[in-house]
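Reader: I would like a close look at one part of this protein. Please take a single helix and walk me through its residues, then show me how the rest of the chain relates to that part.

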Amino acid sequence: MKYAKADLEQLHKELYRILAEIIRVCEILNIPYFIQGGSAIGALYNKGIVPWDDDIDVGMVRSDY
């Protein structure tokens, strides 16, 4: 799906909010987590979400589900 620039910026703000909540909960419950896929690529090369991405990729080992 193609997004207007303003819509994608708003979506990225929401993704960061969601990721912050995932991190908060995982830290409280001592659950290891990691980013993967496009989120890991964005973190490495863009220091954030890839400009055209519309999701976050968070992983956990199955025993921590």
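Author: Start at H12, which sits in helix α1, the run from residue 5 to residue 28. Keep in mind that this is a predicted model. H12 has a relative accessible area of 12%, so it counts as buried. What does H12 touch, once residues up to four places away in sequence are set aside? The partners are I49, V50, P51 and D53.

Now the frame around that helix. The protein contains 2 helices and 2 strands. Along the sequence they come in the order α-β-α-β. The C-alpha trace spans about 40 × 20 × 20 Å along its principal axes. Of the 65 residues, 20% count as buried. H12 is buried too, at 12% relative accessible area. Take the contacts with a separation of 6 or more: residues 24 or more positions apart account for 60% of them.

Back to helix α1, and to its charged side chains. Side chains of opposite charge can pair when their charged atoms come close. How many salt bridges does the protein have? The count comes to 3. Take them one by one.

E9 and K5 are one pair. Their side chains meet in a salt bridge, with 3.3 Å from N to O. Both residues lie in helix α1, 4 residues apart, which is about one turn of the helix. E9 is partly exposed, because its relative accessible area is 42%. K5 reaches 65% relative accessibility, so it counts as exposed.

R17 and E14 are another pair. Their closest N and O atoms are 2.7 Å apart. The two are 3 residues apart in helix α1, so about one helical turn separates them. R17 has a relative accessible area of 49% and is therefore partly exposed. The cut-off matters here: exposed means over 50%. E14 is partly exposed as well, with a relative accessible area of 32%.

Then come E21 and R24. This salt bridge has its closest N and O atoms 2.8 Å apart. Again the spacing is 3 residues in helix α1, so the two are separated by about one helical turn. E21 counts as partly exposed because its relative accessibility is 36%. R24 is partly exposed at 42%.

What about charge across the whole protein? There are 7 positive and 10 negative side chains. The centres of the two sets lie 4 Å apart.

Helix α1 also takes part in a nonpolar patch. V25 is found in this helix. V25 has 32% relative accessibility, so it counts as partly exposed. Together with I28 and L29, V25 makes a nonpolar surface patch of about 280 Å². For the protein as a whole, the accessible surface comes to about 5100 Å². Carbon and sulfur atoms hold 60% of that surface.

Next, follow the chain out of the helix. N30 lies in the loop between α1 and β1, the strand at 34–35. Which sign does the phi of N30 have, negative or positive? The value is positive, near 55°, in a residue other than glycine. Most residues other than glycine have a negative phi. N30 has a relative accessible area of 68%, so it is exposed.

K47 gives a second case. Its place is the loop between α2 (37–45) and β2. The phi of K47 is near 60°, also a positive value in a residue other than glycine. K47 is exposed, because its relative accessible area is 72%.

Helix α2 has a buried residue to set beside H12. S39 belongs to helix α2. S39 is buried, because its relative accessible area is 14%. Leaving aside neighbours within four places in sequence, S39 is in contact with D53, D55, I56 and D57. D53 is a shared name: H12 in helix α1 touches D53, and S39 in helix α2 is in contact with D53.

Finish at Y65, in the segment after β2 (58–59). Y65 has 65% relative accessibility, so it counts as exposed. How far is Y65 from L11 in space, C-alpha to C-alpha? The two are 26 Å apart, with their positions 54 residues apart in sequence.

Methods. Residues are numbered from 1 along each chain as its sequence is written. This is a predicted model: local features need pLDDT of at least 70, side-chain atom pairs count only at pLDDT 80 or more; totals for chains, interfaces and linings use all residues. Side-chain values use heavy atoms; hydrogens and water are left out. Buried means under 20% relative accessible area, exposed over 50%, partly exposed in between (1.4 Å probe, protein chains only). Contact means heavy atoms within 4.5 Å. Accessible areas come from the Shrake-Rupley method with a 1.4 Å probe; for residues, only the protein chains shown count as cover. Lys and Arg count as positive and Asp and Glu as negative; His and the chain ends are not counted. The place of a charge is taken as NZ of Lys, CZ of Arg, CG of Asp or CD of Glu. Patches are made of residues with over 30% relative accessible area and no salt bridge: like charges are joined within 9 Å, nonpolar side chains (Val, Leu, Ile, Met, Phe, Trp, Tyr) within 5 Å. A salt bridge is a side-chain nitrogen of Lys or Arg within 4 Å of a carboxyl oxygen of Asp or Glu.
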